[in-house]
Number of protein chains: 2
Amino acid sequence: MKQRIERIKKQLHGQGYKLTPQREATLTVLLERESDHLSAEEIFLLVKDKAPEIGLATVYRTLELLSDLSVLDKINFGDGVSRYDLRKEGVDHFHHHLVCMECGQVEEVMEDLLNDVEKIIEDDWQFKVKDHRLTFHGVCKQCQEAAAKVKVNE
Amino acid sequence: MKQRIERIKKQLHGQGYKLTPQREATLTVLLERESDHLSAEEIFLLVKDKAPEIGLATVYRTLELLSDLSVLDKINFGDGVSRYDLRKEGVDHFHHHLVCMECGQVEEVMEDLLNDVEKIIEDDWQFKVKDHRLTFHGVCKQCQEAAAKVKVNE
DNA sequence: TGTATAGATTATAATAGTTATAAAATAAAA
DNA sequence: TTTTATTTTATAACTATTATAATCTATACA
């Protein structure tokens, strides 16, 4: 994790930004909770444990900065809050999400399933694709099983 | 358009809801501006021309109701406001969007390009897909051409 | 036809998420 | 060491959205 922060530090410096303790604490939280999809508020509360004096606005600013640098992506699952998701290193596309409508769980799909689709968009629509957002809403494996179990017992 | 409103009216009645003048005015605006992606505020202002006494909260409630009935979809392109997009009749999947990062224009892609991808998600992830959201961010044809022109003139 | 009932709307206020401002702190540059 | 630019804090403002209570409307029913 240290090295990853170090690399992001270099990236910041390259653009004239500093890695302040607040930014580092925020990054640490994001790395520790990499598989989650935290909101700004949630990140703020977690960062406060490491750096109690930090303000919510600073977290927002840090997240925006990291988003501009493509260190993370701002996503929206339609629940009224923006969520923040670290990009995986060495992967240039943004991964996909499966949002369970029953339990709310969010799974990540790392492999890029959109190569063919993107080709169609670029060829047929003459649209130069830079980024994409793909989210499936449905029912996760566990909730399907739970529903099946209930049915059997009825 | 009349018939389309008539069909939505039946759908509302079927669920115990009424098609009030305010709801009808909102639907009319949505149908008239079908190719746009209006925010609640924008819809509100347009509806006001037809029904000046309507309140913003009513528009919000109407949009939520229509969203519950799958008459329209609530979408979010990351600019801080929810936008509302009518479903096409007889099409059960939600269409895709191409958002131009230069001019902000939004194009709609009606054909469903995700059949193969959905199959992979259902088979490999055991995730029952109910709906999807796919948005590409990039540069539209016109902005690419404009950029090319500038380059030539330099 | 009049009355009851449920649903819908208005007007208003409240809430929640996010962003802006000015003063103070920090760190790098000269 | 002084200067300068960046960043943060604390606070306030703003914007989008939702909740509340009173009022209205339309249909069902006596």
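**Close-up views of the predicted model**

**View 1. The surface near DNA strand D draws on helices from both chains.** Chain A brings helix H2 (21–32) and helix H4 (56–68), while chain B brings helix H3 (40–50) and helix H4 (56–68), and each of these supplies at least two residues of that surface. Helices here are DSSP runs of H or I with at least four residues, strands are runs of E with at least two, and both are numbered from the N terminus. This is a predicted model, where local features need pLDDT of at least 70 and side-chain atom pairs count only at pLDDT 80 or more, while totals for chains, interfaces and linings use all residues. Residues are numbered from 1 along each chain as its sequence is written, with chains lettered from A and ligands numbered from 1 in the order in which they are written.

**View 2. A look at who sits around DNA strand D.** In total, 21 residues surround the strand, a residue being near if its C-beta atom, placed from the backbone, lies within 6 Å of it. The closest are A:Tyr17, A:Thr20 and A:Thr58 from one chain, plus B:Ala57 and B:Ser82 from the other. Sorted by class, you get eight nonpolar, eight polar and five charged residues. Ala, Val, Leu, Ile, Met, Phe, Trp, Tyr, Cys and Pro count as nonpolar, Asp, Glu, Lys and Arg as charged, and the others, Gly among them, as polar.

**View 3. Turn chain B by 180° and it lands on chain A.** The shift along the rotation axis is 0.0 Å and the RMSD is 0.1 Å, from a least-squares fit on the C-alpha atoms of residues with pLDDT of at least 70 in both copies. That is the relation of a two-fold axis. In chain B, B:Leu134 has the C-alpha nearest the axis, 2.2 Å from it.

**View 4. Where chain B touches chain A.** Each chain puts 28 residues into the contact, which is counted when C-beta atoms, placed from the backbone, lie within 7 Å. On the chain B side, strand S2 (72–76), helix H5 (115–125), strand S6 (128–139) and helix H6 (141–153) each supply at least two residues. S6(B) gives the most, with twelve.

**View 5. Strand S6 of chain A pairs with S6(B).** The two run antiparallel over eleven bridges; strands pair if DSSP finds at least two bridges between them. A:Val139 stands opposite B:Lys128.

**View 6. A hairpin in chain B joins S2(B) and S3(B).** Five antiparallel bridges link S2(B) to strand S3 (residues 82–86), with B:Asn76 opposite B:Ser82. Five residues lie between the strands, and B:Gly78 in the turn has a positive phi of about 85°.

Conventions: Contact = placed C-beta atoms within 7 Å.
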